[in-house]
Amino acid sequence: MKIVNKAFFALCVVLPLAAGAQTNTPRVDQREANQEARIQQGAASGSLTQKETMRLDNGQQRVQNMEMQAKADGVVSKQERHQLHHAQEVQSRHVYKQKHDRQHDYNHNGRNDHRPRRG
């Protein structure tokens, strides 16, 4: 009887921990944080306009929604992880393109600024 009680106790402790481990997505979370920092840095430096920042924030929100949907059933499958990583790759490319597209808002007035021509 003691063996059965110990086995039952171990099962009650181990199963929730195993289920929790399957919903952990530390790489996804870290990438989200890195991309959010890239967006904020671009907004602060003026290399992203207000519209670009808003669009990129919406993209980040879509990735976060995908993650929450993947975690909803308690297990993030291999396919769901692949979809999340792919969505983050796409979002990363969007951030890069927007930061390097020569549209700037250096004085943060909501308008695109152009660097003065040298001549």
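**Helix packing in a four-helix chain**

In the predicted model, R102 lies in the segment that follows helix α4. The phi angle of R102 is near 65 degrees, a positive value in a residue other than glycine. Most residues other than glycine have a negative phi. With a relative accessible area of 73%, R102 is exposed, since residues over 50% fall in that class.

The secondary structure of the chain consists of 4 helices and 0 strands, and the order of elements from the N terminus is α-α-α-α. Of the 119 residues in the chain, 25% are buried. The chain exposes about 8900 Å², and carbon and sulfur atoms account for 56% of this area. Among contacts between residues at least 6 apart in sequence, 74% link residues at least 24 apart.

The packing of α2, α3 and α4 was examined pair by pair. Helix α2 spans residues 26-45, helix α3 residues 50-71 and helix α4 residues 78-99.

Helices α2 and α3 pack at an angle of about 170 degrees, and their axes lie 10 Å apart. Because angles over 145 degrees count as roughly antiparallel, α2 and α3 are assigned to that class. On the α2 side, the contact is formed by V28, D29, E32, Q35, E36, I39, Q40 and A43. The α3 side contributes T53, L56, D57, Q60, V63, Q64, E67 and K71. By class, this contact comprises 5 nonpolar, 5 polar and 6 charged residues.

One of the α3 residues in this contact is T53. T53 has a relative accessible area of 12% and is therefore buried, the limit for that class being under 20%. Leaving aside residues up to four places away in sequence, T53 touches I39, A43 and L48. Both I39 and A43 belong to the α2 side of the contact with α3.

The axes of α3 and α4 come within 10 Å and cross at roughly 175 degrees. This angle makes α3 roughly antiparallel to α4. From α3, the residues E52, R55, L56, G59, Q60, V63, M66, E67 and A70 take part. They meet E80, Q83, L84, A87, Q88, Q91, H94, V95 and Q98 of α4. The residues of the contact divide into 7 nonpolar, 7 polar and 4 charged. L56, Q60, V63 and E67 are listed for α3 in its contact with α4, and these four residues also appear in the contact of α3 with α2.

Two exposed residues of α3 were also examined. R62 is found in α3 and is exposed, with a relative accessible area of 53%. The C-alpha atoms of R62 and Q88 are 9.9 Å apart, while the two residues are separated by 26 residues in sequence. M68 is likewise found in α3 and counts as exposed, at 55% relative accessibility. The C-alpha atom of M68 is separated by 9.7 Å from that of T23, with the two positions 45 residues apart along the chain.

The third pair, α2 and α4, packs at an angle of about 15 degrees with the axes 11 Å apart. Angles under 35 degrees count as roughly parallel, and α2 and α4 are therefore roughly parallel to each other. The crossing of α2 past α4 is left-handed. In α2, the contact involves R27, V28, R31, E32, Q35, R38, I39, Q41 and G42. The partners in α4 are L84, H85, Q88, E89, Q91, S92, V95, Y96 and K99. By class, the contact is made up of 5 nonpolar, 7 polar and 6 charged residues. V28, E32, Q35 and I39 of α2 take part in the contact with α4 and also in that with α3. On the α4 side, L84, Q88, Q91 and V95 contact α2 and are also listed in the contact with α3.

T25 lies in the loop between α1 (2-22) and α2. The relative accessible area of T25 is 2%, so this residue is buried. Apart from residues up to four places away in sequence, T25 touches E67, K71, V76 and R81. E67 and K71 are both among the α3 residues that meet α2. T25 and R81 are 56 residues apart along the chain, with a C-alpha separation of 8.3 Å.

How values were computed
Residues are numbered from 1 along each chain as its sequence is written. This is a predicted model: local features need pLDDT of at least 70, side-chain atom pairs count only at pLDDT 80 or more; totals for chains, interfaces and linings use all residues. Side-chain values use heavy atoms; hydrogens and water are left out. Axes are lines fitted to C-alpha atoms, for helices over the stretch in contact, and angles run from 0 to 180 degrees between N-to-C directions. Angles under 35 degrees count as roughly parallel, over 145 as roughly antiparallel, 65 to 115 as roughly perpendicular and the rest as oblique. Contact means heavy atoms within 4.5 Å. Ala, Val, Leu, Ile, Met, Phe, Trp, Tyr, Cys and Pro count as nonpolar, Asp, Glu, Lys and Arg as charged, and the others, Gly among them, as polar. Buried means under 20% relative accessible area, exposed over 50%, partly exposed in between (1.4 Å probe, protein chains only). A crossing is left-handed if the near helix is turned anticlockwise from the far one by less than a right angle, and right-handed if clockwise. Accessible areas come from the Shrake-Rupley method with a 1.4 Å probe; for residues, only the protein chains shown count as cover.
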